[in-house]
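Biologist: Could you take me on a close look at one part of this protein, the nonpolar core, and then show me what lies around it? I would enjoy one connected account rather than a list.

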Amino acid sequence: MKNFLVKTIANAGALAVAVWLLDKITLTGDSTGKEIGTLVLVALIFGLVNVLVKPVVKLLSVPLLILTLGLFTLVVNALMLLLTSWLAGLFDLSFHVEGFWTAVLGGLIVSVVSWALNVVLPDED
């Protein structure tokens with residue numbers, strides 16, 4: 001349970017950095033508290049997308065991953081971020097990613113920041 005909480009916090013931090021760095025990834029709210037709540041909910045959705053959908057997409061794209069020497073992973077990460085944005089819209093959360101190339105750059109930022117935060121944060125169960 002603690003590991004799940006740590007990964008959710010890392011995802012929320014990584015998404016916050018992407019929102020801060022990229023103008024076309026937006027997160028709006030009436031107050032800072034609502035923005036943080038929305039960010040945590042979006043991080044939960046992002047975590048579920050990465051656990052449930054991403055392995056299937058990566059399995060189906062193995063030939064492209066081999067052909068591009070793993071660079072297709074950037075496209076997979078972008079698609080997961082776009083799917084998260086779409087799902088957030090369904091749940092009426094104010095998180096939006098505008099465009100594929102923004103999602104590619106956002107996915108790269110989220111991956112790097114999430115990796116760095118997972119290195120720093122404790123990883124105990």
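Modeller: Happily; what follows starts in the core and then moves outward to the surface and the loops. Please keep in mind that this is a predicted model.

Let us begin with the core itself. The largest nonpolar core has 29 residues. Those with the most contacts inside it are L15, I25, V42, L81, F95, V97 and V110. Several elements build this core, each supplying at least two residues: the helices α1 (2-21), α2 (32-52), α5 (72-90) and α6 (100-120), together with the strands β1 (25-27) and β2 (95-97). As a general background, nonpolar side chains in soluble globular proteins tend to be buried together.

I25 is a good place to stand and look around. Setting aside neighbours within four places in sequence, I25 is in contact with A18, V19, L81, F95, H96, V97, T102 and G106. Three of these partners, L81, F95 and V97, are themselves on the list of residues with the most contacts inside the core.

From I25 we can step to one of its partners, T102, which sits in helix α6. T102 counts as buried because its relative accessibility is 14%, under the 20% cut-off. Beyond residues up to four places away in sequence, T102 touches L22, K24, I25 and V97.

Helix α6 also takes us to the outside. On the surface, L71, L74, L105, L108 and V112 form a nonpolar patch, with about 430 Å² of accessible area together. The largest share of that patch, three residues, comes from α6. One of the patch members, L105, is found in this helix, and L105 counts as partly exposed because its relative accessibility is 41%. So α6 supplies at least two residues of the core and also the largest share of the nonpolar patch.

Now for a lysine that may catch your eye. K54 is found in helix α3 (residues 54-60), and K54 is buried because its relative accessible area is 18%, again under the 20% cut-off. The side chains of K54 and N77 are joined by a polar contact of 2.6 Å. Apart from neighbours within four places in sequence, K54 is in contact with V49, V76, N77 and M80.

Another lysine, K34, has a charged partner. The structure holds one salt bridge, in which the side chains of K34 and D30 meet at 3.3 Å, N to O. In general, side chains of opposite charge can pair when their charged atoms come close. K34 counts as partly exposed, at 48% relative accessibility, whereas D30 is exposed, with a relative accessible area of 71%.

Finally, two loop residues deserve a look at their backbone. L69 lies in the loop between α4 (62-67) and α5, and its phi is near 55°, a positive value in a residue other than glycine. On the other side of α5, D92 is found in the loop between α5 and β2, with a phi near 60°, also positive in a residue other than glycine. Most residues other than glycine have a negative phi. L69 counts as exposed because its relative accessibility is 78%, and D92 is exposed as well, with a relative accessible area of 71%.

Key. Residues numbered from 1 in each chain as written. Predicted model: local features only at pLDDT ≥ 70, side-chain atom pairs only at ≥ 80, totals over all residues. Heavy atoms only, no water. Core = buried A, V, L, I, M, F, W, Y, C linked by side-chain atoms within 4.5 Å. Buried < 20%, exposed > 50% of the residue type's maximum accessible area, 1.4 Å probe, protein only. Helix = DSSP H or I, 4+ residues; strand = E, 2+ residues; numbered from the N terminus. Contact = heavy atoms within 4.5 Å. Patch = residues over 30% accessible without salt bridge, like charges linked within 9 Å, V, L, I, M, F, W, Y side chains within 5 Å. Areas by Shrake-Rupley, 256 points an atom, 1.4 Å probe, with all protein chains shown as cover. Salt bridge = Lys/Arg side-chain N within 4 Å of Asp/Glu carboxyl O. Polar contact = N/O pair within 3.5 Å; in protein donor to acceptor, adjacent residues only side chain to side chain.
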